[in-house]
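Here is a short report on one protein model. It covers a pocket, the nonpolar cores and one serine.

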Amino acid sequence: MTKRNTLISPSILSADMANLAAAVEQAQTAGADWIHVDVMDGRFVPNITIGIPVVAALKKCTRLPLDVHLMIAEPERYVNDFIKAGADILVVHAEATCHLYRTLEIIREAGARAGVALNPATPVSTIRHVIEKLDMILIMTVEPGFGGQKFIPAMLPKVSEAARLAEEHQLVVDIQVDGGINKETIGAAAKAGANSFVSGTGVFGTGDVALAVRELRAELS
Ligand code: DX5
Ligand code: ZN
């Protein structure tokens, strides 16, 4: 089976919001693979961040794929708009929609890669019957809503279970982790089976984006 690539996806949630163009440029120069964009609506999660116009603006200032994480209720209402704006990978939460299968179909039909995120309490079995429609499984390693939280080690077996589920179906599905990923935690997540790593404060909170990306990658080799 094709091997999954190792992907580092810095989250701009922890970057200077008044200077996002510079942030993505720094991440790109540092050798990041994707740019992670956290969209929050104040309903699905208790925080509000950015939306469609910001994704469109970011698209113009980077050649890296935009990995857009929708933490919004009823994401099916907006997936087409996010893809038109430039989302390359679009992730919806299983808990946020009653129509996960249809939502994933819409994402793929619109030409993006489809991902599903699972909150810490949501079992991997939730996606068993939609796995054929998935390009990525995002195991949240914190409760979604805020950057800078502490990695939850109890999520590691869940990462392994998600990787196993994809293997059982002989599918190449990226397994992403998001929340509290830094040079101390990334190794354990990789060992458990993750290949895509979101890091916000672990990259933009460090003061040296290039060094931070290098250090994360070093833990993976
Ligand atoms: C949390 C977001 C994360 C967040 C990660 O709800 O989905 O992407 O930016 O930030 P850190 O890496 O600081 O935990
Ligand atoms: Zn995220």
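## Largest pocket

Which residues lie nearest the centre of the largest pocket? They are Gly147, Gly148, Asp178, Gly179 and Gly180, among 25 lining residues. A pocket is an open set of points on a 1 Å grid over the protein atoms alone, where a 1.4 Å probe fits, with protein on both sides within 12 Å along at least five of seven lines; lining residues have an atom within 4 Å of a point. The space amounts to about 250 Å³.

The lining divides into nine nonpolar, 14 polar (Gly counts here) and two charged residues. Strands S2 (35-40), S3 (66-71) and S8 (196-199) and helix H7 (201-204) each supply at least two of them.

## Basis

This is a predicted model: local features need pLDDT of at least 70, side-chain atom pairs count only at pLDDT 80 or more, and totals for chains, interfaces and linings use all residues. Residues are numbered from 1 along each chain as its sequence is written, and side-chain values use heavy atoms, without hydrogens and water.

## Nonpolar cores

The largest nonpolar core (buried nonpolar residues joined through side-chain atoms within 4.5 Å) has 64 residues. Ile12 and Val68 have the most contacts inside it. Helix H5 (156-168) gives the most, with six residues. Another core, of nine residues, lies apart; Leu7, Trp34, Leu138 and Met140 are among them.

## Ser9

Ser9 lies in strand S1 (7-10). Ser9 counts as buried (under 20% relative accessible area, 1.4 Å probe, protein chains only) because its relative accessibility is 0%. Its side chain makes a polar contact (N or O atoms within 3.5 Å, one able to donate a hydrogen and the other to accept it) with the side chain of Asp67, at 2.7 Å.

Methods. Chains are lettered from A and ligands numbered from 1 in the order in which they are written. Buried means under 20% relative accessible area, exposed over 50%, partly exposed in between (1.4 Å probe, protein chains only). Helices (H or I, at least four residues) and strands (E, at least two) are DSSP runs, numbered from the N terminus. Grid points are joined across faces, edges and corners, and a volume is the space filled by probe spheres set on the points.
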